[in-house]
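Hi,

Here is the structure I promised to pass on to you. Please open it alongside this email, and I will walk you through what turned up.

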Amino acid sequence: MRLRDLAAYLFLAIAWGFSFLLLLKVVAAFGWVGAVTFRCFIAAAILILMARLTRRRLAFPARVAPLAVVGATTVAGQLIGLSYATPRIGTAMAAIFVASIPLFSMVISRLWGLEAISPARVLGLMLGTIGLVMLVGFPAVPVTPTFLLGCAAMLFSTFSAAFGSNYASRHLAGTGPWEVTIGAFLSGGIIALPLIAVVPVPGVPQAVDYLYLVALAGLMSALTYVLYFGLVSSIGATRAISVEFAVTVVAVLVGALLLDEPLSLMQIAGGAVIIAGCALVLGLMPAKAKIPLQP
């Protein structure tokens, strides 16, 4: 793994971990549909503007269908599920579901024959899952219909993210990350837009709410997705999407340091297990098993 890829991986973990601070505020101000729709269009507009200012030449593929599929899954599907579910099940339980994305990705990648999944990577994903349970735990919340709907939405979100990442790796391998990100966000925004008629913006947002929205769209969507799709192209979907494990570690640290949430020794140990799992998935730790499992 190149140093550049590792730097992008760490930046994604930090940015997406901090995004939990903004997500609930944006959803409360714009609604879960408005938050996704406006976030998508603003992110795409920022990237197009940046490309023009830096005179970056964009080469979109002749067929727009693959971009639409990625937009419908990795962008619209993932963000709609996440935005709908998080206020209903809480950020801790949402984080548990988010970190299951690499497991979905590994299964899809293996079924499609995109990557040879070595025993070391399987062990890394298992360690990441165990560490996640240790880190976050299971919140003591009543199992209500609203809670179950939120869990179903998170399953839809995580599967959409894993499917879209592998689809991009398979069908958009020759397309640059800027083009993939712009096309995916435009498609995702168009797909989510009609839902505003069903779930309108709940009120008149304040000025600070627009600031939160732009920060979420620009720093934690536009920039991060360019880096993420670059990682998918560079190191593969499963290794790139394992960043979700590290995102959970950052989110818990943010809660402990900025929101005064308690951090137990079990959570610290869980964070260490997650980091070890990520290192195995990324090939940063030596493993005895070198023969890949054939799909």
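Below are my notes, going from the aromatic rings to the nonpolar core and then to a loop residue.

Please keep in mind that this is a predicted model.

**Aromatic rings**

There are twelve aromatic pairs in the structure. One of them joins Trp16 and Tyr228 in a tilted arrangement, with 5.8 Å from centre to centre and 55° between the planes. Trp16 belongs to helix α1 (residues 3-18) and Tyr228 to helix α9 (residues 207-235), so this pair ties together parts that lie 212 residues apart in sequence. Are these two residues buried or exposed? Trp16 counts as buried because its relative accessibility is 10%, and Tyr228 is buried too, with a relative accessible area of 4%.

Helix α9 also holds a pair of its own: Tyr225 and Phe229 are tilted as well, at 6.0 Å centre to centre and 55° between the planes. Those two residues sit four apart in α9, which is about one turn of the helix. Both Tyr225 and Phe229 are buried. If you colour Trp16, Phe185, Tyr225, Tyr228 and Phe229 together, you will be looking at a cluster linked by ring pairs.

**Charges over rings**

Two arginines are worth a look here. Arg88 lies over the face of Tyr84, 3.9 Å from the ring centre. Arg170 has its charged end over the ring of Trp112, at 5.0 Å from the centre of that ring.

**The nonpolar core**

The largest nonpolar core counts 85 residues, and Ile89, Met154, Phe185 and Tyr228 have the most contacts inside it. Which helix gives the most to this core? That is α2, with 16 residues. Phe185 and Tyr228 will be familiar from the ring cluster above.

For a closer view, try Met154. Leaving out neighbours within four places in sequence, Met154 is in contact with Gly81, Leu82, Ala85, Ile89, Ala94, Phe97 and Val98. Ile89 is thus on this contact list as well as among the residues with the most contacts inside the core.

**A loop residue**

Finally, have a look at Arg55, in the loop between α2 (20-53) and α3 (65-89). Most residues other than glycine have a negative phi. Arg55 is not a glycine, yet its phi is positive, at about 55°. Is Arg55 buried or exposed? With a relative accessibility of 75%, Arg55 counts as exposed.

Happy to go through any of this with you over coffee.

Best wishes

Definitions and conventions: Residues are numbered from 1 along each chain as its sequence is written. This is a predicted model: local features need pLDDT of at least 70, side-chain atom pairs count only at pLDDT 80 or more; totals for chains, interfaces and linings use all residues. Side-chain values use heavy atoms; hydrogens and water are left out. Buried means under 20% relative accessible area, exposed over 50%, partly exposed in between (1.4 Å probe, protein chains only). Rings of Phe, Tyr and Trp (its six-membered ring) pair if their centres lie within 6.5 Å; planes under 30 degrees apart count as stacked, over 60 as edge-to-face and the rest as tilted. A charge sits over a ring if NZ of Lys or CZ of Arg is within 6 Å of the ring centre and within 35 degrees of the ring normal. A nonpolar core is a set of buried Ala, Val, Leu, Ile, Met, Phe, Trp, Tyr and Cys residues joined through side-chain atoms within 4.5 Å. Contact means heavy atoms within 4.5 Å.
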